[in-house]
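Work through these exercises with the sequence and the model side by side. Try each task before you read its solution.

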Amino acid sequence: MRVAVVHDWLVVSAGAEKVTRELQRMFNADVFALVDFLNDEDRAFLLEGQHAHTSFIQRLPFARSGFRYYLPLFPAAMEGLDLRGHDLIISSSYAVAKCVRKRPGQQHLCYIHTPMRYAWVNEEGYLQDHGVRGVKAWAIRKVMRYLRQKDLASNAGVDRFVANSRNVAERVNRFYGRKADILLPPVDMARFALYQGQRQGYLVVARLVPYKRVDRIVEAFRKLTDHQLTVVGDGPELARLKAMAPGNVRFTGQVSADDVVRYMQHSRAVICAADEDLGLVPLEAQACGTPCVALSGGGYLETVEEGRSGVFFASDRPAEIAKALLRFEATATIRPPQELRKGMEACSGDGFREGLRRIVADMMRGDA
């Protein structure tokens, strides 16, 4: 069976990209994407040095730095990818990957990270976070309506949905009227190894974009002068975050995959403030034996257990985050590192592969 794995766009190594990496290795698949601008290190990690088959957007002017400006063209670009000769299409989709064209005799399984967030879940929040108003906001709303229409139309080509969480499965049902199986994404248990040594300071691992709410975490540490925060990641918010940060916050920028693991292993807890669809960071941290301090919402409600694998804060207000950190330090019931890791065994690569192979086999047999 020849398999095509379709990703939205390949520019960084984050949670969705790690799923695509696993899918490619599982099925020895050809990888397709709108664009592929991975750096050499991420390419070696995700695609074993290979390049994805890309759409016409890859060749448009300024695509490397500004491919997102071609957003209205994304559905057509996906539809134009040539997947002939493949028996099974697996889209790893958080935007338009599931818009690929399925031909007679092909099956399409969509592993969905979320229906497009800025079109379905948080359009107004997206406009507010990026300071978009007036005519530009009007134009973006029209684009979002068009994208919702194309997104709904593409569902006819999906034979089966697999959601990364209960949270996303509920969205698939609410927005698409479709049922989705639930399969948590794989955690590389060998890479994110158990650590039981000394831990110091707190950690954020995130793309530095507005919806991650890293600015709220940084601001919380202005009052926590006796505590240290390390922010791992890069993005358009980096300069602003550095300018606002107190002296007990440091930024590493982008680091290697191995360094991310080391930071997780040596931190007292990771902090997550975004309203995530699932959020892979708490799972990876717990595989290292590291608890999580997280927003009480979204996918974190499925991956963090209050008082056992971490603590929640009710909102992303800096004062709430600071209170949660102090409560975390006073909590005596947090599981020891080895128990946190044991709780992640169901999310191992083996568990993911077994679950997905079973779903694929059912689908190819025509089972519901």
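## Exercise 1: A loop residue and its neighbours

Leu-81 is found in the loop between helix 4 and strand 4 (88-93). Helices (H or I, at least four residues) and strands (E, at least two) are DSSP runs, numbered from the N terminus. This is a predicted model: local features need pLDDT of at least 70, side-chain atom pairs count only at pLDDT 80 or more, and totals for chains, interfaces and linings use all residues. Residues are numbered from 1 along each chain as its sequence is written, and side-chain values use heavy atoms, with hydrogens and water left out.

Task: decide whether Leu-81 is buried or exposed, and list what Leu-81 touches.

Solution.
- Step 1. Apply the cut-offs: buried means under 20% relative accessible area, exposed over 50%, partly exposed in between (1.4 Å probe, protein chains only).
- Step 2. Leu-81 has a relative accessible area of 4%, so Leu-81 is buried.
- Step 3. Look for contacts (heavy atoms within 4.5 Å). Leave out residues up to four places away in sequence; Leu-81 then touches Val-6, Phe-32, Ala-33, His-53, Thr-54, Ser-55, Val-100 and Arg-103.
- Step 4. Check a residue from elsewhere in the chain. Leu-34 is 47 residues apart from Leu-81 along the chain, yet their C-alpha atoms are separated by 8.5 Å.

## Exercise 2: The sheet

Task: give the strand order of the open sheet of seven strands, then trace the crossovers from strand 1 to strand 3.

Solution.
- Step 1. Use the pairing rule: two strands pair if DSSP finds at least two bridges between them.
- Step 2. The order is 3-2-1-4-5-6-7, with parallel pairing. Strand 3 and strand 7 (180-182) are the edges, as each pairs on one side only.
- Step 3. Start with strand 1 (residues 3-7) and strand 2 (residues 30-33): four bridges join them. Val-6 stands opposite Phe-32 in strand 2.
- Step 4. Follow the chain. Strand 1, helix 1 (residues 15-27) and strand 2 form a right-handed β-α-β unit. Right-handed has a test: with the strands pointing away from the viewer, the path from the first strand over the helix to the second runs clockwise.
- Step 5. Two bridges join strand 2 to strand 3, in parallel. Ala-33 stands opposite Thr-54. The chain crosses between these strands through helix 2, and this crossover is also right-handed.
- Step 6. Go to the other edge. Three bridges link strand 6 (residues 160-163) to strand 7. Val-162 has Asp-181 as its bridge partner.

## Exercise 3: The two sides of helix 7

Task: test the length of helix 7 (residues 134-154) and find which of its residues are buried.

Solution.
- Step 1. Work out the expected span: 1.5 Å times one less than the number of residues.
- Step 2. Helix 7 has 21 residues and should span 30 Å; its end C-alpha atoms are 31 Å apart, which agrees.
- Step 3. Ala-137, Ile-140, Met-144, Leu-147, Arg-148, Asp-151 and Ser-154 are buried. They cover an arc of only 125 degrees around the axis (taken from the directions from the axis to the C-beta atoms), which puts them on the same side of helix 7.
- Step 4. Recall the geometry: an α-helix has 3.6 residues a turn, so residues three or four places apart point the same way.
- Step 5. Turn to the other side, where Val-135, Trp-138, Gln-149 and Ala-153 are exposed.
- Step 6. Find the cover. Over the buried residues lie, among others, helix 4 (74-79), helix 5 (117-121), helix 6 (123-129) and helix 8 (166-176).

## Exercise 4: Cysteines

Task: how many disulfides does the model hold?

Solution.
- Step 1. Set the cut-off: a disulfide is a pair of cysteine sulfur atoms within 2.5 Å.
- Step 2. The count is zero.
- Step 3. Check Cys-110. The closest cysteine sulfur, in Cys-99, is 9.5 Å from its own, too far for a bond. Cys-110 is buried, at 0% relative accessible area.
- Step 4. Check Cys-292. Cys-292 is in no disulfide, and the nearest cysteine sulfur, that of Cys-272, is 3.8 Å away. Cys-292 is buried, with a relative accessible area of 0%.
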